[in-house]
Amino acid sequence: MTTRERWAVALAGLLLIGLLPTACTPRPDGATAPNGSSSEAARPNEKRVLRIGAIPDQNPEKLNRLYGLVAEELSEQLKVPVQFVPVTDYTAAVSAFRTGDLDLVWFGGLTGVQARLQKPGARALAQRDIDRSFHSVFIANPSSGLKPFSAQSDLTQLKGKRFTFGSESSTSGRLMPQYFLDQAGVQLSDFAGGNPGFSGSHDALIALVQSGTYDAGVVNEQVWRSRIEEGKVDTTKVVELWRTPGYANYTWVVQPGLDKDYGEGFTERLEQAFTGLDPSDPRQAQILELFGAETFVPASNKQYEAIEAVGRQVGKVR
């Protein structure tokens, strides 16, 4: 055998050794392996990763901290691997749920309705105690000349002002506020420039109004109150104008068919994992605190029928 032939044999052996693990090692996320077989087939006794998500309505640091804790808690209680998968915006959360890339998602009222309508059999699983009657708060920069009022009809003062909503698909930062504005006779074309702005999140909206970029905006009440308590709002530069009537809001929405994947009764156990969160347990107490809730309660699709009706009325649900 020539020197060149010996080198060729040695190289072929190294390549074979390098490729074997790739072809045979199963993936922990249950994805299809390069050789065409799935890791589920290779490891039949292991459950695939339960993928959870959430609409990005607050700053990413808080979201990662909160849902990292939720993933740890669910994994421990349900004895399955759980992974938090961040998304870029509200629409991406709905799309990922529709395609099955997310199994369980923390949605606002509107996005929850949109997601369920696109995935027959999906259902609202659990909500915070505060989500049974949630509120939005209209806020303003004092330099705008706007002052607090108590009557919904006074929303007409916003005509001609630079106004911003939160995300275009936010229940508390767009859908319900637009509904109350419409009731008061204020159309989107009535704002300065002929259109409102969209900040993308509640935290961004507060910052934009506080800086004077916009005269006024509307924000999730729970975020507004918590940011004031945390000292992150300069109340000399942004004030509360009006608090809306209550409406149903956030909820965990779950995919149909999880009992088939994880065993009979899994969806019920998933619900109990939330409704059973105990403030005497350190990690569970932290989860409740970060959610701004005292407890979670069971939720139902029926609670969001009014949100669906308003969504259809303003063109956000078809």
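**A tour of the largest pocket and Q58**

Begin by selecting helix α8, which contributes six residues to the lining of the largest pocket and so gives the most to it of any element. As you look around, keep in mind that this is a predicted model.

Next, add α3 (60-78) and α11 (282-291) to α8 (221-229) in your selection, since each of these three helices supplies at least two residues of the lining of the largest pocket. The space that lies within this pocket comes to about 530 Å³. To find the middle of the pocket, select K62, Q222, S226, E230 and E289, which lie nearest its centre among the 22 residues that line it. If you then colour the lining by residue character, you will find eleven charged residues, seven polar ones and four nonpolar ones.

Now move to Q58, which you will find in the loop between β1 (50-54) and α3. Is Q58 buried or exposed? Its relative accessibility is 12%, and because buried means under 20%, Q58 counts as buried.

With Q58 still selected, show the side chains around it and look for two polar contacts. One joins the side chain of Q58 to the side chain of R227, at 2.8 Å, and another joins the side chain of Q58 to that of K62, at 3.3 Å. K62 is a residue you have already met, as one of those that lie nearest the centre of the largest pocket.

Finally, leave aside the residues up to four places away from Q58 in sequence, and select L63, D203, V223 and R227, which are the residues that Q58 touches beyond that range.

Conventions. Residues numbered from 1 in each chain as written. Predicted model: local features only at pLDDT ≥ 70, side-chain atom pairs only at ≥ 80, totals over all residues. Heavy atoms only, no water. 1 Å grid on protein atoms, 1.4 Å probe; cavity = no way out; pocket = protein on both sides within 12 Å on 5 of 7 lines; lining within 4 Å. Points joined across faces, edges and corners; volume = space filled by probe spheres on them. Helix = DSSP H or I, 4+ residues; strand = E, 2+ residues; numbered from the N terminus. Nonpolar A, V, L, I, M, F, W, Y, C, P; charged D, E, K, R; others polar. Buried < 20%, exposed > 50% of the residue type's maximum accessible area, 1.4 Å probe, protein only. Polar contact = N/O pair within 3.5 Å; in protein donor to acceptor, adjacent residues only side chain to side chain. Contact = heavy atoms within 4.5 Å.
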